[in-house]
Amino acid sequence: MGDPREGAVRISPVWQFVLRAFAWLPLCFAAWYFAADWYARPLGWIARFLVSLDGQGLVTSLEFGNRVIVFVTRLEIHEGVRTGVLTPEVSALVYTFGLPLFLALMLASKASWRRILLGVAVLLPFEAWSVAFDALTQIAIRSGFEVTVRSGYSAWGREVLALGYQLGALIFPTVAPIITWGFLERRFIAEKLAGSVSS
Amino acid sequence: MARFAVAFCLVLGALFAFELSPPGQAAVRPWTSLVASASAGMIREIDGTARAYGNTVSDTKTGFAVSIEAGCNGVEAMIVLLAGMLAFPASWRQKLAGIVVGVLAVQLLNLVRIVSLFYLGQWSPSAFEWAHLYVWQALIMLDVLIVWLVWMRWVTRAKAQ
C-alpha cells in the first residue's frame with residue numbers, strides 16, 4: 001500500500017491560513033453587521049470620553065439607533081425662527097470594518113477566545129478615535145462658519161482635528177486590525193507562517 | 001519582534017506624514033489621475049463606455065461617475081506594505097523585489113476594486129455602499145497582508161538556506 005498522501009497537492013501554511021481567513025470573512029462580516037447596534041455603545045462611550053478631553057464640554061449626551069452614534073451637543077443652531085442643537089451623527093460601521101477582518105484573521109490562526117476578546121478590546125480605542133474625530137470635525141469644521149466660531153477651536157486646533165481625522169479615517173481602520181492580529185499571533189506567524197521553526 | 005514593530009511604526013508614520021505634506025500631495029494627485037485613467041482603460045476593454053477626467057471615471061452613456069479619493073487610490077495600502085517590508089530584516093535586493101511585486105499586486109487589485117465599484121454603483125447603490133465602505137477596504141488590506149506574509153516566508157526560508 002502506498003502513502004495515500006502521495007500525489008496530493010501540498011498547500012503552503014500561508015495559503016492554508018489565507019483560505020481559512022477567506023472562509024471566515026463572510027461570517028464575521030455578518031456577525032459584525034448584526035452586532036453593530038450593541039458594539040456602538042462602548043464605541044460611543046469611549047469616543048465621548050476622547051471628545052471630552054478637549055475640555056470644552058461640547059457634547060452633553062449620546063444617542064444610539066440604527067447603527068448610528070449621535071453626539072448631542074450644547075451648540076445651538078438657528079434656521080429661520082427655529083432653534084435646535086447640533087447633533088453630529090457617525091455611523092458605527094464606517095470605522096469598524098476592520099473588526100470582521102481582525103476576527104477572520106484570529107479565527108484563521110485558531111486563536112483562543114480570550115485572545116480574540118483581548119484584541120477586540122485593543123481595537124476599540126482606535127475605532128473610537130476615528131468616531132471622535134469625525135464628530136469633532138463635523139462640529140468644528142464641517143457645520144458652517146457660525147458653528148465653527150462657537151465651537152471654540154482656534155485655526156491651529158482645527159488643523160490638529162483635521163490631522164486626527166485623516167489618521168482616523170485612512171490609517172487606523174485598516175492598519176490597527178492587522179497590527180493587533182500580528183502582535184497577538186506573533187508566535188503563530190513565526191512558527192507556522194514564516195517557516196523558521198517548522199512548516 | 002519589538003525592533004520590527006518600532007521600525008514599522010516609525011516608517012509608517014514618516015510615509016503617512018509625507019503623503020499628507022504638500023510635496024506628497026503633489027505626487028498623490030497625478031498618481032490618482034493615473035489610477036483613474038487605468039480604470040477607465042480597463043472598463044473600455046469590457047464595454048467601451050468609460051472616460052477619465054482627473055480623478056473621476058464616468059460612463060459616457062449613463063453619465064454615472066465615480067470619484068477616486070484618498071483611501072481609494074491604493075496609496076495607503078502601498079504605504080503599509082512599504083513600511084512592513086522596509087522594517088523587516090531582509091537584504092535590500094529582497095526588499096526591492098518585494099516592493100515591486102507587492103505594489104503591482106496591490107494596484108492590480110485596486111483596479112479590480114474600482115472597476116467593480118463602477119459597475120456595482122450603476123446596479124445597486126446599497127451594494128455599492130457595502131462594497132465601497134466595508135468589503136473592498138478589508139480585502140485590500142488582506143491583499144497587503146497576504147503579499148507581506150508570502151514575501152516574509154520567502155525571505156525567512158532564503159535566510160535558513
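In this predicted model, the axes of helix H2 of chain A, residues 98-108, and helix H5 of chain B, residues 125-160, approach each other to within 9 Å and cross at roughly 45°. Angles from 35 to 65 degrees fall outside the parallel and perpendicular classes, and H2(A) and H5(B) are therefore oblique to each other. The sense in which H2(A) passes H5(B) is that of a right-handed crossing. On the side of H2(A), the contact is made by Gly98(A), Pro100(A) and Leu101(A), while H5(B) contributes Ala138(B), Met141(B) and Leu142(B). Sorted by character, the residues of this contact between H2(A) and H5(B) comprise 5 nonpolar, 1 polar and no charged.

This helix pair can be set beside the contact of the two chains as a whole, in which 22 residues of chain B are in contact with 21 residues of chain A. The elements of chain B that give two or more residues to the side touching chain A are helix H1 (2-20), helix H3 (75-87) and H5. Of the elements on that side of chain B, H5(B) gives the most, with 15 residues. The residues of the side of chain B that touches chain A divide into 16 nonpolar, 3 polar and 3 charged.

Turning to chain B by itself, one finds 5 helices and 3 strands, which follow one another along the sequence in the pattern α-α-β-β-β-α-α-α. The C-alpha atoms of chain B fill a box of roughly 55 × 35 × 25 Å when this is taken along the principal axes. Of the 161 residues in chain B, 35% count as buried. Among the contacts of chain B with a separation of 6 or more, 62% are accounted for by residues 24 or more positions apart.

The strands of chain B form an open sheet of 3 strands in the order S1-S2-S3, with antiparallel pairing. The edge strands of this sheet are S1 (50-53) and S3 (65-67) of chain B, each of which pairs on one side only. From one strand to the next, the twist averages 20°.

Within the sheet, S1(B) is joined to S2(B) by 4 bridges, the two strands running antiparallel, and Ala50(B) stands opposite Asp59(B) in S2(B). The hairpin of S1(B) and S2(B) has 2 residues between the strands, and in this hairpin Gly54(B) takes a positive phi near 60°. Strand S2 of chain B, residues 56-59, also pairs with S3(B) in the antiparallel sense, over 3 bridges, and here Thr56(B) stands opposite Ser67(B) in S3(B). The hairpin of S2(B) and S3(B) has 5 residues between the strands, and in this hairpin Gly63(B) takes a positive phi near 85°.

Two helices of chain B pack on this sheet. Helix H2 of chain B, residues 22-46, touches S1 and S2 of chain B, and its direction makes about 170° with that of S1(B). Helix H4 of chain B, residues 92-123, touches S2 and S3 of chain B, with a direction that makes about 135° with that of S3(B).

Helix H4 of chain B is also the place of Gly121(B). Why does Gly121(B) count as partly exposed? A residue is buried if 20 or more other C-beta atoms lie within 10 Å of its own, and exposed if there are 12 or fewer; Gly121(B) has 18 other C-beta atoms within 10 Å and is therefore partly exposed. Apart from neighbours within four places in sequence, Gly121(B) is in contact with Phe64(B), Val66(B) and Phe128(B). Gly121(B) and Ala97(B), by contrast, are 24 residues apart in sequence and 36 Å apart in space, C-alpha to C-alpha.

In chain A, strand S1 (residues 59-65) is joined by 6 bridges to strand S2 (residues 68-73), and the two run antiparallel. The bridge partner of Ser61(A) in S2(A) is Val72(A). The hairpin of S1(A) and S2(A) has 2 residues between the strands, and Asn66(A) in this hairpin takes a positive phi near 50°.

The path through chain A then returns to H2(A) by way of Val94(A), which lies in the loop between strand S5 (89-91) and H2 of chain A. Val94(A) has 18 other C-beta atoms within 10 Å and so is partly exposed. Although their positions lie 75 residues apart along the chain, the C-alpha atoms of Val94(A) and Ala169(A) are separated by 8.9 Å.

Technical notes:
Residues are numbered from 1 along each chain as its sequence is written. Chains are lettered from A and ligands numbered from 1 in the order in which they are written. This is a predicted model: local features need pLDDT of at least 70, side-chain atom pairs count only at pLDDT 80 or more; totals for chains, interfaces and linings use all residues. Axes are lines fitted to C-alpha atoms, for helices over the stretch in contact, and angles run from 0 to 180 degrees between N-to-C directions. Angles under 35 degrees count as roughly parallel, over 145 as roughly antiparallel, 65 to 115 as roughly perpendicular and the rest as oblique. A crossing is left-handed if the near helix is turned anticlockwise from the far one by less than a right angle, and right-handed if clockwise. Two residues are in contact if their C-beta atoms, placed from the backbone, lie within 7 Å. Ala, Val, Leu, Ile, Met, Phe, Trp, Tyr, Cys and Pro count as nonpolar, Asp, Glu, Lys and Arg as charged, and the others, Gly among them, as polar. Two strands pair if DSSP finds at least two bridges between them.
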